[in-house]
Amino acid sequence: MKLINSYSKGKLHFMNTFDSKSLLKDFTPEIEKTSLTWWIVLLIFIMIFLLGIFGLDRQISEGHIVTGMRDNVVWGIYIVNFIFFMGLSYAGALISGVLHLFKSEWRKPIIRIAELITVISLLIGPFYIFFCVGRLDRLYFLVLYPRIQSPITWDVIAITTDLFGCILFLYLSVLQDLALLRDSAELNVPKWKKKIYTFLAMGYRNTIAQRKHLEQARNIMAAMIIAIAIIVYSVLAWIFGVTLQPGWHSTIFGPYFVIAAVYSGTGLMIIIMWLFRKIYHLEKYITLKHFSYVGYILLIIGAFYGYFTFADYLTKWYGSQKMDAQLIDKLFSDFFWLFIFANYAGILIPIIIIGIPKFRTINSIFFAAIITLLALWVNRFLIVIPTLEMPYLPIQDYRPAWIHYSSTWVEWSLSAAGIAVFAILLMLFSKLIPIISISEMTEPEVNTEDNI
Amino acid sequence: MKNDESKKSSRRRFLKDGLLFGTGALAVSPIIQSCAEEHTMPQDMVKVLTPDGKVLEVNRANLKEVKGSQLATTKEAIAGLPGRKFVMVIDLAKCKNARKCTEACQEGHDLAKDQEWMRIYLLQDGPQTAPYWFPRPCFHCDNPMCVSVCPVGATYKRTDGIVLVDTDRCIGCKFCMTGCPYSARVFNWKAPEHQRLEEKDYSPELNVPAKEGTVGKCVFCADKLRNNELPRCVTACPMGVIYFGNILEDTITNGDETVRFSEIMKDRSGYRYLETLGTVPSVFYLPPTNRMFPVERGLENLDEENKSRYKDVEYVKSLNNVKKLK
């Protein structure tokens, strides 16, 4: 309330009327107690995770023969999942990074969700590379005998940097809340939880000097993770782009992957916002406005994504080099419905739903986000698989599995396990720290006029 | 511990090499299987050196070649053979898909029946153009994509032009397989079965024993080349399709005839497959003109499995249509 005085000129936003005490009161129930349903859901996800572990055990003991990968399609849905999860991590990089730097008012209640998505998906993504590697026992060779010419080495460097950067950024942004939770006398949590808060808060006392340093550090990190994320995703694209394979060998791949990543990340952002809003009753904080604004981002990025997709396939189709023509022919025959879904429905449906005000409701935006997310997974599938099924020398083999890729239960179980781990980590985190950042919500704005 | 072992093995290798050096002048890496028999013709006799320095005479028939005895260590296999730059020329006019090269390669490298380092394609560039049999080894490119993309240096290019894979180093990321535009690489999806050599005898030049979760490919029989022998596919081919040699000496041979590389390239208009990709292969092809056999000869004597490989080729489709009409 005292904030009101500090703004003589600007139009005051309702967000600024929150103070940390009342917010804490609103958010603590989720931290203090856990419902039976929560435990049941957690248990289900743990079961899915264990199924994945079982699949991994089969794969390690019997060899990669249990997967659907063979000599032509040497990378299957593991790589698809890898690109997909890495792409999701873009939600945080863009929304938290960019919106933090622009000081957009509406970012406040959703910024933590964005940061969490970033870190969790970044933690999961690289595991799919590990599943794809034939000799897990030699993984440390990547560090022991690195060759800087290889895009995989670029990837190792980029992803580790990104991971550290994003964890640091998340940590800096939860630091004030951790201190708040540590100092809150009313908070009724077990001792070990208090200990965690005390340990993680690292003596942060919210002094003016500390706050200033924290703010500076966050600004630097926000700018850095945007840059690092662009590099990571471009490097990922170059794993495909640098090869000579038709469909992969394309200069557009770097920016295309970046845009596709932001698109899927924003889609997931909306889905997670919707889920937390429903489950943790955050209707007061996350409103249609937030869904619309993130929706606008989705719309703009969706249009870009559509443009890139069109540009890539148009030039391939128009030039009609033998291999390009074969690839497009394959996409429109063997993969017809997947292609229509990923590159038509996945672009047009979100744009129509969000673009036309009449359709723009919280649930419809949520629906559009689900379409986006699924379409982007399929898009990556269509980038990886058809090209591998169509090498320069035609596949002449008598074994059907060597000609057409079809993923096995092992690969699906590990894919499901990734989603399960994502959910588990998100659930656990939401029980430790409020899913809406208290410090952000109470942060005074420098100049409210500039805000959206 | 490991050091001790490697010291021991290098000492053993030294002794072995010393012995072989002595005997090598008389025959290619022989050991004495039994003592000389009494009544034999002098031309059947061979002089050999024993480990204690005596020179003995033995019957040629009693000599047995020690396989793998001269395999290079992983370290030795990194450097190329000095003064050589290997080149392979495949004469498409002579190939009739006898599959002997593939079989000899599989035999020599303990490959499973479904793993082919040397693979024979039936290519037809366009619907109206002629089909032809196309044996494809690894091209041992001078600008090898597989080597560029390998993150751990498991695959490397030697001074003699050979590209090898060290399966002790390979992490199985398969990036080289997606990098290679010629599908020359094979992955060990499961533990290999019969392997004649043990792990301690492993050499990247032979690549036996194969290891699960790693990549294998044609090695130009680098182990044979080290002993001045021709690759297995070259000697196995009944038609003399495959020529092999040293481009620095401008000489290639298929075992029967030896020709000038530059001359045959000029006379027969040799070319490299997919030159536009810029990988600069060491394998050249001679176009299938004035063929020794009609293409369909290659489809005869094939088992059903191998026959079914080629069913999608335009030419085979048209053959089947003609059969149906009859």
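**Exercise 1. Sort the side chains of E15(B) by the way they point, and state whether they are buried or exposed.**

Solution. Step 1: take one way from the strand. B:Val283 and B:Tyr285 point that way. Step 2: take the other way. B:Phe284 and B:Leu286 point there. Step 3: check burial. All four of these residues are buried, a class that needs 20 or more other C-beta atoms within 10 Å of the residue's own; 12 or fewer makes a residue exposed, anything in between partly exposed, and C-beta atoms are placed from the backbone. Step 4: compare with the general pattern. In a regular strand the side chains alternate between the two faces of the sheet.

The model is predicted: local features need pLDDT of at least 70, side-chain atom pairs count only at pLDDT 80 or more, and totals for chains, interfaces and linings use all residues. Residues are numbered from 1 along each chain as its sequence is written, while chains are lettered from A and ligands numbered from 1 in the order in which they are written.

**Exercise 2. Place E15(B) in its sheet and describe its pairing with E5(B).**

Solution. Step 1: read the strand order. The sheet is open, has five strands and runs E14-E13-E12-E5-E15 in chain B, with mixed pairing. Strands here are DSSP runs of E, at least two residues; helices are runs of H or I, at least four residues; both are numbered from the N terminus. Two strands pair if DSSP finds at least two bridges between them. Step 2: find the edges. E14 (258-260) and E15 (283-286) of chain B each pair on one side only. Step 3: note the twist. From one strand to the next, it averages 30°.

Step 4: examine the pair. E5 (residues 86-91) and E15 of chain B run parallel over four bridges. B:Met88 faces B:Val283, and B:Val89 stands opposite B:Phe284. Step 5: add the helix. H7 (residues 261-268) of chain B packs on the sheet and touches E5, E12 (242-246), E13 (251-253), E14 and E15 of chain B. Its direction makes about 75° with that of E14(B). Such angles run from 0 to 180 degrees between N-to-C directions, with axes fitted to C-alpha atoms, for helices over the stretch in contact.

**Exercise 3. Locate B:Glu314 relative to B:Tyr285.**

Solution. Step 1: B:Glu314 sits in helix H9 (residues 314-325) of chain B. Step 2: B:Glu314 and B:Tyr285 are 29 residues apart in sequence and 22 Å apart in space, C-alpha to C-alpha. Step 3: leaving out residues up to four places away in sequence, B:Glu314 touches B:Gln124 and B:Pro127. Contact means that C-beta atoms, placed from the backbone, lie within 7 Å. Step 4: B:Glu314 is partly exposed, with 14 other C-beta atoms within 10 Å.

**Exercise 4. Which backbone features stand out at B:Pro209, A:Met202 and A:Ser320?**

Solution. Step 1: recall the background. Most residues other than glycine have a negative phi, and most peptide bonds are trans. Step 2: B:Val208 and B:Pro209 are joined by a cis peptide bond, with omega about 0°. B:Pro209 belongs to the loop between E10 and E11 (215-216) of chain B. Step 3: A:Met202 has a positive phi, near 50°, in the loop between H9 (191-201) and H10 (208-241) of chain A. A:Met202 is exposed, with 10 other C-beta atoms within 10 Å. Step 4: phi of A:Ser320 is also positive, about 50°. A:Ser320 lies between H12 (288-319) and H13 (322-331) of chain A and is exposed, with 12 other C-beta atoms within 10 Å.

**Exercise 5. Describe the side of chain B that touches chain A.**

Solution. Step 1: the contact takes 39 residues from chain B and 34 residues from chain A. Step 2: elements of chain B that each supply at least two residues include E6 (119-123), H3 (145-149) and H8 (304-309). Step 3: the chain B side divides into 21 nonpolar, 10 polar and eight charged residues. Nonpolar covers Ala, Val, Leu, Ile, Met, Phe, Trp, Tyr, Cys and Pro; charged covers Asp, Glu, Lys and Arg; the others, Gly among them, are polar. Step 4: the model scores ipTM 0.87 and pTM 0.86.

**Exercise 6. Where in chain B does pLDDT stay under 50?**

Solution. Step 1: pLDDT is the predictor's confidence in each residue, from 0 to 100. Chain B averages 85, and 84% of the residues score at least 70. Step 2: residues 1-8 of chain B stay under 50, with zero contacts beyond four places in sequence. Step 3: residues 18-38 of chain B are also below 50, yet this stretch has 37 contacts beyond near neighbours in sequence.

Methods
Contact = placed C-beta atoms within 7 Å.
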